[in-house]
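Biologist: Could you take me through a close look at one part of this protein, the place where its two domains meet? I am new to this, so please go step by step.

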Amino acid sequence: MSSPVLFLMSTGPDGTTAFAPADPSAPHLRVDDLGATRGDGIFESVNVVGGVAQSLRHHLDRFARSAAMVDLPAPDATAWAVALKQAVAAHDPVPELLVKLIMTRGVEGSGVPTGWVHAFVAADHTRERVEGIDVLALERAYPSDVMTRAPWLLQGAKTLSYALNMAALRHARARGAHDVVFLASDGEVLEGPNSTVVAVFGDRWVTTPPELGILEGTTQGRAFDFAQQRGDRTEIGHLGLADLHSADALWLVSSGRLSAPVRSVDGTPRPVDVVLSAELLQHLLTVHD
Ligand code: PLP
């Protein structure tokens, strides 16, 4: 098992961002850091395949959007990118690595964010990628116009407040499922707790609109690149629960697990396109940005 790599980010008095290596097995976070006491911060999880970070520019753009949505200072994209690349270079070479970029609001009262870059080998997702997953459709209980009605709910920002997402996953797992697709109160399909929904109907690939208060997924973007390379059509469109059952192919896609074909929804089996799923996974594993 190779060791994780940690770099601590720091902001100087002139606003410049620097970073330094630190021992990932030693404590670094203060007990009054708002990331820990209030889950107040943002993050990105970047998949690294063969030493190359995938969709790095999209991750950094989303990191900046999340920072703006929660009124954190704009992260210095260059410094974070260099830190990520150096963390990858410092790690033992492995086929796949996950790198988390994390920025919290910092120690309470300091006004200075806490940040770190953590590169580590994530859980092995082979089984979900290949055999597929059983999902439950669960209410998120927000209307699909939540972003405009209640922007303080921070839908669409990748914040550290994932306790609700993890609770939904536990709820599903306690009922024998692997994952969740959230539905808005008006029935619109939203996203998974840590993934994006991609459905295929014939030669039409559909994912749900970020305006519904979901995270704009980087992996979904690469899945759509694959669809377009095949000559298929891609669409940001609206889906309902019936579409999850009727789609010719359905995946939950995300940076770490990449693509997991959905083989049942609410206990009802649905077809898995084994060949297309394998091709999509291969694309996500080999295409680099
Ligand atoms: N939606 C949510 C809520 C997520 O947490 C994630 C990723 O963690 C995604 C979608 C998928 O985003 P990406 O493909 O960029 O990992």
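Modeller: Happy to! Let's start with one pair of residues: the side chains of glutamate 96 and arginine 129 come together in a salt bridge, with 2.8 Å from N to O. Please keep in mind that this is a predicted model. The domain assignment places domain 1 at residues 5-120 and domain 2 at residues 126-284. Across the interface of these two domains, the rule finds 2 salt bridges. It also finds 12 residue pairs in polar contact there, with both residues at pLDDT 80 or more.

Which elements bring domain 1 to this meeting place? Those that give two or more residues to the side touching domain 2 are the strands β3 (41-49) and β5 (96-104), along with the helix α2 (56-69). Sorted by character, the residues on that side of domain 1 are 6 nonpolar, 11 polar and 5 charged.

Now step back to see the two domains together. Their centres, taken over C-alpha atoms, are 26 Å apart. Domain 1 puts 22 residues into the contact, and domain 2 puts in 20.

How much area do the two domains bury between them? The size of an interface is often given as the accessible area lost when the parts come together. Here domain 1 and domain 2 bury about 1,600 Å² between them, and 58% of that lies on carbon and sulfur atoms. On the domain 1 side, the residues that lose the most area to domain 2 are Phe43, Arg62 and Met69, which together make up 37% of what that side buries.

Definitions and conventions. Residues numbered from 1 in each chain as written. Predicted model: local features only at pLDDT ≥ 70, side-chain atom pairs only at ≥ 80, totals over all residues. Heavy atoms only, no water. Domains from an automatic or database assignment. Contact = heavy atoms within 4.5 Å. Buried area = accessible area lost by both parts, 1.4 Å probe. Salt bridge = Lys/Arg side-chain N within 4 Å of Asp/Glu carboxyl O. Polar contact = N/O pair within 3.5 Å; in protein donor to acceptor, adjacent residues only side chain to side chain. Helix = DSSP H or I, 4+ residues; strand = E, 2+ residues; numbered from the N terminus. Nonpolar A, V, L, I, M, F, W, Y, C, P; charged D, E, K, R; others polar.
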